[in-house]
Amino acid sequence: MAKKALITGIAGQDGGHLAALLHEKGYEVYGVIRGQLEASHPRYQQVRTEMPYANLIMADLLDLSALTRAMQEIKPDEVYNLAAISHVGYSFRDPVLTADVTGKGVLNVLEAIRLAGLEKTTRFYQASTSEMFGGLEYNRPETGYTEDAAFHPRSPYGVAKLYGHWITKNYRENYGMFNVTGILFNHEGERRGPEFVTRKISQAVARIKLGLQESIELGNLDAKRDWGYAGDYVEGMWRMLQQDEPDDYVLATGETHTIREFCELAFKEIGITISWSGSGVDEKGLNSETNEVLIAINPEFFRPSEVDLLLGDPTKAETVLGWKRKVDFPGLVKLMVDHDLKAESK
Ligand code: NAP
Ligand code: GDD
């Protein structure tokens with residue numbers, strides 16, 4: 001009999017990659033999306049078209065009764081909890097909702113599994129994050145954060161995720177549930193939401209090339225991120241749930257790059273070399289041949305507190321899970337710009 005997997009947040013970036021992977025592996029795929037069960041609902045239509053094989057359940061992470069019903073009806077072998085308010089900047093603006101969904105929502109899913117009597121049979125994956133580390137100088141290991149590094153979240157999002165991380169481990173210890181946490185560093189790609197910096201840049205670069213936009217406004221250019229490709233990372237999620245014992249794993253590339261480097265490489269893809277002038281909020285990224293301003297700073301995109309540097313150490317995932325990322329940093333930038341050049345040309 002085919003295994004059943006339930007993905008919360010199936011409409012998001014990782015949800016789409018994971019659903020495709022599990023479908024390919026022969027799973028019956030179920031996905032939770034928000035909204036009303038309404039065939040004309042745009043979100044529903046989009047997911048329906050992209051993933052015709054997926055069985056969709058309209059439910060909210062805040063609704064324990066709907067989640068419990070879903071568990072009782074489906075009796076999934078594996079649950080991947082990807083749903084969250086996942087934008088760090090937004091979490092400063094709506095910290096209460098972020099705590100409810102990104103934090104307490106995890107508890108709702110775990111309780112739904114227990115209330116349905118599935119705590120001994122259903123395996124659970126929690127989407128934990130490198131944002132929990134905080135990137136502060138005092139807790140920053142030279143070779144990258146490992147599973148045992150100290151946490152110091154710097155945003156309401158990071159704090160909510162830390163609750164989700166610990167309640168997942170706590171339920172593993174309390175009830176012997178097969179709960180794993182994947183502490184994933186940033187992962188991007190053609191499905192990334194346009195509110196995240198990499199996709200904002202790749203879309204803008206494509207539009208500038210096609211004459212649809214003149215320039216782009218960004219916030220902090222000096223933050224460093226360990227960026228991988230989302231398609232590689234969902235393979236790691238699946239591997240975590242196939243082990244004999246539940247555990248916690250970091251997925252990362254082991255490399256870190258600034259937003260500035262991402263911009264430079266992305267513009268290089270359309271044949272433009274960026275030269276920088278000025279500093280602070282007056283800094284500009286210019287077309288080195290024409291001096292046209294292509295990048296400007298808008299303080300609106302600064303955050304009240306920033307995670308300056310993220311670098312992960314994926315050694316445990318590589319040795320225990322046999323996981324290895326395939327797409328490197330230049331490959332990721334190219335893949336995103338190429339995709340957006342095609343998409344924006346339509
Ligand atoms: P994403 O694109 O933002 O997807 C999150 C999904 O959660 C969206 O489809 C959203 O629904 C859904 N959602 C939000 N609130 C909900 C609610 N109240 N009830 C039900 N669903 C709700 O995020 P992602 O990049 O795929 O990331 C997947 C997970 O991994 C998230 O938990 C994220 O925090 C975590 N994570 C991501 C990264 C990364 O670099 N991508 C790294 C570490 C951890 P709508 O589509 O309706 O908005
Ligand atoms: N979004 C955004 N927009 N970020 C900008 C901008 C801008 O215009 N300009 C500069 N940045 C900087 C942010 O300040 C941050 O330092 C960095 O770019 C990355 O921002 P995001 O792409 O929004 O991602 P994130 O690192 O904050 O969070 C993502 O990765 C986490 C894992 O480390 C999200 O996917 C989280 O859900 C995930 O947990």
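## A buried aromatic pair

Phe-133 and Tyr-145 are both buried, and we are looking at a predicted model here. Their ring centres sit 4.4 Å apart with the planes at 5°, so this pair counts as stacked. Phe-133 and Tyr-145 both belong to the loop between β5 (123-129) and α6 (156-175), so the contact ties together parts that are 12 residues apart in sequence.

The stack has company, too: ring pairs join Phe-133 and Tyr-145 with Phe-151 and Phe-185 in a cluster. Across the structure there are 9 aromatic pairs.

## An edge-to-face pair

What about the geometry of Tyr-233 and Trp-323? A pair of aromatic rings is described by the distance of the centres and the angle of the planes. For Tyr-233 and Trp-323 the centres are 5.3 Å apart and the planes meet at 85°; planes over 60 degrees apart count as edge-to-face, so that is the label this pair gets.

This pair links distant parts of the chain, 90 residues apart. Tyr-233 is in helix α8 (residues 230-241), while Trp-323 lies in the loop between α10 (315-321) and α11 (329-345). Both Tyr-233 and Trp-323 are buried.

## Charges over rings

Two arginines put their charged ends over aromatic rings. With Arg-114, the charged end is over the ring of Tyr-175, at 3.8 Å from the ring centre. With Arg-260, the ring belongs to Trp-276, and the charged end is 4.9 Å from its centre.

## Around ligand 1

Ligand 1 has 25 residues around it, and the closest are Asp-14, Arg-34, Arg-43, Ser-86 and Tyr-157. Sorted by type, that shell comes out as 11 nonpolar, 8 polar and 6 charged residues.

Now for some individual contacts. A polar side-chain atom of Tyr-157 comes to 2.6 Å from an oxygen atom of ligand 1. The backbone joins in as well: a polar backbone atom of Asp-14 is 2.8 Å from an oxygen atom of the ligand, and one of Leu-61 is 2.9 Å from a nitrogen atom of ligand 1. On its own, ligand 1 has 890 Å² of accessible area, and the protein covers 90% of it. Which elements give two or more residues to this shell? They are α1 (13-24), β5 and α6, with β5 giving the most, at 3 residues.

## Around ligand 2

Over at ligand 2, the shell holds 23 residues, with Ser-86, Thr-129, Tyr-157, Arg-303 and Glu-306 as the closest. Ser-86 and Tyr-157 are thus among the closest residues for ligand 1 as well as for ligand 2. By type, the shell around ligand 2 splits into 9 nonpolar, 7 polar and 7 charged residues.

Two side chains reach oxygen atoms of ligand 2: Thr-129 has a polar side-chain atom 2.6 Å from one, and Lys-200 has a side-chain N or O atom 2.7 Å from one. Gly-219 uses its backbone instead, placing an N or O atom 2.8 Å from a nitrogen atom of ligand 2. How much of ligand 2 does the protein bury? Taken alone, ligand 2 exposes 710 Å², and 95% of that is buried by the protein.

Notes:
Residues numbered from 1 in each chain as written. Chains lettered and ligands numbered in written order. Predicted model: local features only at pLDDT ≥ 70, side-chain atom pairs only at ≥ 80, totals over all residues. Heavy atoms only, no water. Near = heavy atom within 4 Å. Polar contact = N/O pair within 3.5 Å; in protein donor to acceptor, adjacent residues only side chain to side chain. Areas by Shrake-Rupley, 256 points an atom, 1.4 Å probe, with all protein chains shown as cover. Nonpolar A, V, L, I, M, F, W, Y, C, P; charged D, E, K, R; others polar. Phe/Tyr/Trp six-rings, centres within 6.5 Å; stacked < 30°, edge-to-face > 60°. Helix = DSSP H or I, 4+ residues; strand = E, 2+ residues; numbered from the N terminus. Buried < 20%, exposed > 50% of the residue type's maximum accessible area, 1.4 Å probe, protein only. Lys NZ or Arg CZ within 6 Å of the ring centre and 35° of its normal.
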